Amino acid sequence: MKQRVGSVSLAVAARNWTQRFAFVLLIALAFGIMLIGKADTVVISRARTVVIDMLAPVMNAASRPIASAKDVASEVQDLIALKDENARLQRENQTLLEWQTVGRELQSQNAALRELLKFTPDPRATYVTASVIADTSSSYVRSLIVLAGAGDGVVKGQAAITGAGLAGRVLEVGQRASRVLLLTDISARVPVIVERTRDQAVLAGNNSENPELRYLPRDVDIKVGDRIVTSGVGGNFPSGLPVGEVVRTADGRIFVQLYAQLDRMEYLRLVNYSLPGILMQDLGVDTSKSQEIASPSRARFAPGVE
Amino acid sequence: MALRPTVGQQLDLAARRSIPVGLAVLILFIGLLPWNVTTLSPVNANLVLIPIYYWTLYRPRLMSVWAVAALGLIGDLLGVTPLFGVEMLTALVGYRVAVSQRKVFAGAPFIIVWAGFLLMSAVAGAVQWLVVSIFAESIVDPRPALLMYLIGAVCYPLCAYAFAAIQRKSLVRVF
């Protein structure tokens with residue numbers, strides 16, 4: 001009996017020891033992985049895209065019911081607000097009709113002036129519309145996964161926009177799915193310009209809802225409500241994409257409210273402006289692919305602004 | 001004489017034994033679905049600590065250190081952390097705290113067990129914040145992590161209730 005108790009306690013001790021050894025080993029492994037990830041981002045990036053590609057169909061299926069539930073909820077909200085909404089839209093329609101007249105005049109004037117100057121138009125933009133299938137945001141990261149990849153013509157560095165404005169850029173591209181880094185992520189940096197004063201700045205994400213304007217000239221006069229658009233510096237995004245407006249200034253820091261509602265994104269447009277920017281070339285991505293865009297069944301392509 | 005279990009019984013047992021880890025994977029995925037609520041989006045990383053804590057207390061052999069490391073690695077592969085490997089480390093640290101306090105918390109009243117989870121996720125969250133800050137070479141804003149911690153704290157009773165029901169139904173004699 002004594003012997004048996006002894007052997008049992010020995011077995012327990014051996015098991016505990018193995019567990020402890022495994023724990024230390026795995027902790028070391030975690031640190032090792034971190035160091036590798038810090039030094040060589042290509043390997044990690046590939047591993048992540050493979051996993052995202054594999055899980056894309058499952059995530060897509062799972063995200064459908066949520067999208068439907070949200071649709072129902074928003075329809076109910078819409079019904080409640082119908083009357084006010086109608087009045088607002090009528091007012092807005094009136095204003096827009098006036099703008100339409102102005103726009104037509106300017107368009108013809110612009111065409112005439114371009115003809116005079118022999119102006120070369122910007123390259124035509126093409127875009128892929130992709131549904132958001134996963135929200136991989138956490139305390140330290142703000143990113144999404146969309147159901148469109150290299151097979152649909154998505155290229156690293158493309159701008160991700162909603163109808164309202166810029167939302168982020170394509171960070172990793174898999175065959176079927178891609179990761180989009182949002183403007184609110186702490187590592188997101190976009191060259192922008194203050195529309196009214198034409199001051200250049202960098203919009204820096206800070207993991208909060210309101211990214212910050214940095215590197216502005218010292219004596220700049222920024223007011224709440226100033227529109228911020230992309231400046232096109234760096235060549236990743238074209239100039240003039242709407243980004244957001246200044247929402248508050250505190251202790252010399254300027255915060256921006258984005259036009260894109262990052263909490264309500266079901267679809268994103270990944271836009272290819274065919275600009276040879278730095279982001280497309282790093283990590284060994286073949287930039288020539290951006291020109292060859294096939295037309296898959298689930299993604300829509302259309303010419304953008306000329 | 002003990003009867004040898006049939007193939008069916010063995011499969012049944014294997015399926016039951018995989019419930020804790022399966023639930024943890026499920027929770028990881030649920031956190032990743034596009035709920036599209038900005039304030040709640042940092043939910044995922046902390047929620048996976050709930051099944052790790054619960055099953056380490058009540059079915060420690062079904063939530064092994066290897067399974068915990070694998071769960072963390074899945075989180076890393078899905079990209080919930082800025083640096084690959086951070087989620088794995090967080091899960092392991094949380095697991096270690098749970099194992100060390102197992103004798104205190106297992107069998108204790110619910111409120112004590114809950115407090116144990118708060119302790120465990122606080123340690124894991126603090127380690128995560130520290131490692132992220134060290135690798136980012138700057139002090140990273142801890143407020144989102146704090147929010148994540150609070151969400152985890154609120155979610156724990158709900159998840160624990162569901163796990164307890166599953167445990168009573170499917171894991172009564174499975175250890």
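## Strand E5 and its partners

In this predicted model, strand E4 (residues 166-173) of chain A pairs with E5(A) in the antiparallel sense, over five bridges. The two strands, E4(A) and E5(A), form a hairpin, with four residues between them. For a landmark in this pairing, look at Val170(A), whose bridge partner in E5(A) is Val180(A).

E5(A) also has a neighbour in strand E2 (residues 143-146) of chain A: the two run antiparallel and are joined by four bridges. Here Ser143(A) has Leu181(A) of E5(A) as its bridge partner.

## How enclosed is E5?

Is strand E5 (residues 178-182) of chain A largely enclosed or not? Five of its five residues are buried, so E5(A) is largely enclosed by the rest of the structure. Buried here means that 20 or more other C-beta atoms lie within 10 Å of a residue's own.

Which way do the residues point? Ser178(A), Val180(A) and Leu182(A) point one way from E5(A), while Arg179(A) and Leu181(A) point the other way, and all are buried. In a regular strand, side chains alternate between the two faces of the sheet.

## Where chain B meets chain A

Now let's turn to the contact between the chains. Chain A contributes 38 residues to it and chain B contributes 35. On the side of chain B that touches chain A, at least two residues each come from helices H3 (44-47), H5 (65-78), H6 (86-100), H8 (110-136) and H9 (143-170) of chain B.

What is the make-up of that side by class? The side of chain B that touches chain A has 26 nonpolar residues, along with seven polar and two charged ones.

Definitions and conventions
Residues numbered from 1 in each chain as written. Chains lettered and ligands numbered in written order. Predicted model: local features only at pLDDT ≥ 70, side-chain atom pairs only at ≥ 80, totals over all residues. Buried ≥ 20, exposed ≤ 12 C-beta atoms within 10 Å, placed from the backbone. Pairing = 2+ DSSP bridges. Contact = placed C-beta atoms within 7 Å. Nonpolar A, V, L, I, M, F, W, Y, C, P; charged D, E, K, R; others polar.
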